[in-house]
Amino acid sequence: MRFLKHMIAGLSLGLLALSASAAVGNPENGREYRNLRQAQPTDAGKKIEVIEFFAYYCPHCNALEPLLADWVKKNSDKINFKRVHVLNPGVEAQLKTYYALEAMGKVEQYHAKVFYTFHVENNRLLTNEQVGQMVTKLGIDKTAFFNAYNSFSVTTRLGRMEKTMADYEVNSWPTVVVDGRLITSPTMAVSTRGRVSEEEQNRALLPVLDWLVAKAQKERTAK
């Protein structure tokens, strides 16, 4: 019986991934993605820049994270992946936490753990004290962390975030921008379908990203 349950679960996941991929087909501008009104500069070299706009408090970002992280690893030879923590009133401490970890070169080590701290351990990460409790629990060097957290560079990122979000036309998250000009999201990826689960939305995003990266590569080669 246990084997049967595992087999059915495996088949369900496989069919879910297949249906998400099949649903994408040929993504259309204005549906599964759209062009930014003003393309933004990129610094990805020969690779294609992919930026995720997210927030630690966002449950949808938390749900997408493992799938997107896996996609990024599989495509590391062709993309330069970045994250931008969005600004919302009251969550400045979370934004500063992300950029402090980035400045310390510790995002990949602790990114998922910060999500876990908020969504599972219910530490809201809204104050310096709450952030400090997490830092201590995770065993991060507290002095080094708060030096980065309160640094000029992180404060500058905080001050510029409203403009950054406006430049990239980000008003909901998670949102992903490819090559500084092609914007999509899990909800956009299933915009031509009926009501679907969040899992289906997130899985549908991945083939759209594949298609957009390939589109950007092809257009770059054609220049």
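In this predicted model, the axes of helix α5 (residues 128-138) and helix α6 (residues 142-149) come within 10 Å and cross at roughly 140°. That angle makes α5 oblique to α6, because only angles over 145 degrees count as roughly antiparallel. A second helix pair, α2 and α9, has axes that cross at roughly 40°. The whole structure also holds 18 salt bridges.

**Overall architecture**

- The chain has nine helices and five strands.
- Read from the N terminus, its elements follow the order α-β-β-α-β-α-α-α-α-α-β-β-α-α.
- The chain has 223 residues, and 44% of them count as buried.
- Take the contacts between residues at least 6 apart in sequence: 75% of them join residues at least 24 apart.

**Helices α5 and α6**

- The crossing of α5 with α6 is right-handed.
- On the α5 side, the contact is made by N128, V131, G132, V135 and T136.
- On the α6 side, K142, F145, F146 and Y149 take part.
- By residue class, this contact divides into five nonpolar, three polar and one charged.

**Helices α2 and α9**

- Helix α2 covers residues 59-74, and helix α9 covers residues 198-222.
- Their axes come within 10 Å.
- The crossing angle is roughly 40°, so α2 is oblique to α9.
- This crossing, too, is right-handed.
- From α2, the contact draws on H60, A63, L64, L67, L68 and W71.
- From α9, it draws on E198, N202, R203, L205, L206, L209, D210 and V213.
- The residues of the α2 and α9 contact comprise nine nonpolar, two polar and three charged.

**Salt bridge D43 to K82**

- D43 pairs with K82 in a salt bridge, with the closest N and O atoms 2.5 Å apart.
- D43 sits in the loop between β1 (34-35) and β2 (48-54), while K82 belongs to strand β3 (residues 79-85).
- The pair therefore ties together parts that are 39 residues apart in sequence.
- D43 is exposed, at a relative accessible area of 54%.
- K82 is partly exposed, at 27%.

**Salt bridge D70 to K74**

- The side chains of D70 and K74 form a salt bridge, at 3.1 Å from N to O.
- Both residues lie in helix α2, four residues apart, so about one helical turn separates them.
- D70 is partly exposed, with 36% relative accessibility.
- K74 is exposed, with a relative accessible area of 61%.

**Salt bridge R193 to E200 and a network**

- R193 and E200 meet through their side chains in a salt bridge of 3.6 Å, N to O.
- R193 is partly exposed, with a relative accessible area of 25%.
- Elsewhere, salt bridges that share partners link D179, R181, K215, E219 and R220 into one network.

**Points to check in the structure**

- Which residues of α6 make the contact with α5? They are K142, F145, F146 and Y149.
- Is D43 buried or exposed? D43 is exposed.
- Which residues are joined into one network by salt bridges that share partners? The network holds D179, R181, K215, E219 and R220.

Methods:
Residues are numbered from 1 along each chain as its sequence is written. This is a predicted model: local features need pLDDT of at least 70, side-chain atom pairs count only at pLDDT 80 or more; totals for chains, interfaces and linings use all residues. Side-chain values use heavy atoms; hydrogens and water are left out. A salt bridge is a side-chain nitrogen of Lys or Arg within 4 Å of a carboxyl oxygen of Asp or Glu. Helices (H or I, at least four residues) and strands (E, at least two) are DSSP runs, numbered from the N terminus. Buried means under 20% relative accessible area, exposed over 50%, partly exposed in between (1.4 Å probe, protein chains only). Axes are lines fitted to C-alpha atoms, for helices over the stretch in contact, and angles run from 0 to 180 degrees between N-to-C directions. Angles under 35 degrees count as roughly parallel, over 145 as roughly antiparallel, 65 to 115 as roughly perpendicular and the rest as oblique. A crossing is left-handed if the near helix is turned anticlockwise from the far one by less than a right angle, and right-handed if clockwise. Contact means heavy atoms within 4.5 Å. Ala, Val, Leu, Ile, Met, Phe, Trp, Tyr, Cys and Pro count as nonpolar, Asp, Glu, Lys and Arg as charged, and the others, Gly among them, as polar.
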